[in-house]
Amino acid sequence: MDKNFQEEQFTGIIKFTPPLYKQRYQFIKDLVGKYKPKKVADLGCADCTLLWMLKFCNCIEVLAGLDICASVMKEKMHRLSPLPGDYLQPAERSLTVTLHHGSVAHKDPCMLGFDLVTCIELIEHLEQSELKKFPEVVFGFMAPSIVVISTPNSEFNPLLPGVTLFRHPDHKFEWNRAQFQSWALETARRYDYSVEFTGVGHPLTGMEKVGFCTQIGVFVRKYAQTTESAQSEKPTEAVYKTVFKAVYPSLKDEKYLQNAVVSEVIFTAQIIKRSLLDRLMSEHEEYNDDPTERKSKFQPSMNRFSEDFGKALVEKSMEPFVNGNVVYIPLKTIFSFPKVNQLCGTFEKLHKLIAGKVTLSSDGSAVMFNTEHENEEN
């Protein structure tokens with residue numbers, strides 16, 4: 001189905017700002033912000049616009065979409081793939097996005113365990129036989145903590161230009177508020193949910209009695225589902241076909257975490273090294289105004305620490321130092337930087353993640369850099 005159809009059709013006499021479909025999606029985003037669900041499924045996901053918006057919500061770790069029309073999903077599903085920036089700077093959370101081709105009238109184990117299930121402008125597209133099975137599939141089998149269902153309010157239709165019966169040619173029915181609330185209350189009662197009614201798309205001034213253009217029911221499960229009841233009718237075979245799956249890079253993955261830590265450690269150490277060498281050069285220049293002598297006199301100034309003194313310095317403080325052609329930057333100094341500390345959590349984990357990836361001193365207490373390149377530049 002085309003969720004934007006009615007907004008385009010009704011432009012003119014009735015104009016919603018923002019467009020009605022954006023108001024519906026914003027309603028879901030606000031709900032996600034309130035309840036912080038980790039796993040969200042959008043039934044009747046169509047062109048995946050809502051899923052694309054939700055992938056930016058940091059609380060969500062699993063997103064799933066289901067639609068009866070695979071071609072509509074495939075047109076836009078590329079928007080759900082990770083971007084190059086996601087690999088360059090992996091997020092702290094994990095995120096998996098999956099799209100399934102199938103009917104909401106069928107049960108599939110891949111739809112179990114979700115916190116929030118959205119059904120935006122879906123039920124009015126269902127045949128009576130499908131609508132009859134829909135509550136058992138969503139509320140009985142899937143049984144998420146929250147279900148959001150939106151559907152057209154037929155009482156608003158007289159205010160919409162060009163509407164004689166239904167707003168969309170594929171609609172099988174459109175309920176008024178009493179019909180929707182009657183169905184929703186009975187469904188909530190049968191499956192132990194509470195339900196509250198609201199909507200988006202305010203009527204014109206003086207026409208408030210018709211209600212919202214889109215009516216919405218927010219269902220909240222009254223009792224936590226037991227493991228036994230959750231698995232009692234779990235089917236043994238999948239009936240949906242997976243048409244898309246994307247696993248985003250995450251710092252929860254050891255591979256991506258190690259890459260991020262190594263990169264940050266080298267970056268931080270380079271800054272410290274550059275600062276140290278600049279300071280040493282500045283100190284040297286105070287005693288030497290002849291540029292031709294800088295190279296020869298720079299090296300001795302860098303050798304001002306003996307090897308034994310250098311080791312003691314690393315052990316007893318967090319000051320970087322130069323010994324010969326090598327700059328030593330204590331790991332404890334690097335670990336004190338907020339970004340490194342946040343990535344690793346513990347000093348032991350920092351050491352483990354960079355082992356074999358960064359050149360360390362013999363005792364493993366400091367990162368080592370050769371200064372020959374800096375000498376050539378000076």
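## Helix H9, the largest pocket and a neighbouring contact

In this predicted model, the largest pocket is lined by 16 residues, and those nearest its centre are Pro90, Leu251, Ala260, Lys339 and Leu343. The volume of the largest pocket comes to about 390 Å³. Helix H5 (84-88), H9 and helix H13 (338-344) are the elements that give two or more residues to the lining, and H9 gives the most, with 6 residues.

The make-up of the pocket lining and of the contact between H9 and H14 can be set side by side by residue class.

| Site | Nonpolar | Polar | Charged |
|---|---|---|---|
| Lining of the largest pocket | 8 residues | 4 residues | 4 residues |
| Contact of H9 with H14 | 7 residues | 1 residue | 2 residues |

Turning to that contact, helix H9 (residues 254-285) packs against helix H14 (residues 347-354) at an angle of about 95°, and their axes lie 9 Å apart. Because angles of 65 to 115 degrees count as roughly perpendicular, H9 and H14 are described as roughly perpendicular to each other. On the H9 side the contact is made by Glu254, Leu257, Gln258, Val261, Val262 and Val265, which meet Lys349, Leu350, Leu353 and Ile354 in H14.

The structure also holds 15 aromatic pairs. One of them joins Tyr87 and Tyr256, whose ring centres are 6.4 Å apart and whose planes stand at 55°, so the pair is tilted. This pair links distant parts of the chain, since Tyr87 belongs to helix H5 and Tyr256 to helix H9, 169 residues apart.

Definitions and conventions
Residues are numbered from 1 along each chain as its sequence is written. This is a predicted model: local features need pLDDT of at least 70, side-chain atom pairs count only at pLDDT 80 or more; totals for chains, interfaces and linings use all residues. Side-chain values use heavy atoms; hydrogens and water are left out. Axes are lines fitted to C-alpha atoms, for helices over the stretch in contact, and angles run from 0 to 180 degrees between N-to-C directions. Helices (H or I, at least four residues) and strands (E, at least two) are DSSP runs, numbered from the N terminus. Angles under 35 degrees count as roughly parallel, over 145 as roughly antiparallel, 65 to 115 as roughly perpendicular and the rest as oblique. Contact means heavy atoms within 4.5 Å. Ala, Val, Leu, Ile, Met, Phe, Trp, Tyr, Cys and Pro count as nonpolar, Asp, Glu, Lys and Arg as charged, and the others, Gly among them, as polar. On a 1 Å grid over the protein atoms alone, a cavity is a set of points where a 1.4 Å probe fits but cannot get out, and a pocket is an open set with protein on both sides within 12 Å along at least five of seven lines; lining residues have an atom within 4 Å of a point. Grid points are joined across faces, edges and corners, and a volume is the space filled by probe spheres set on the points. Rings of Phe, Tyr and Trp (its six-membered ring) pair if their centres lie within 6.5 Å; planes under 30 degrees apart count as stacked, over 60 as edge-to-face and the rest as tilted.
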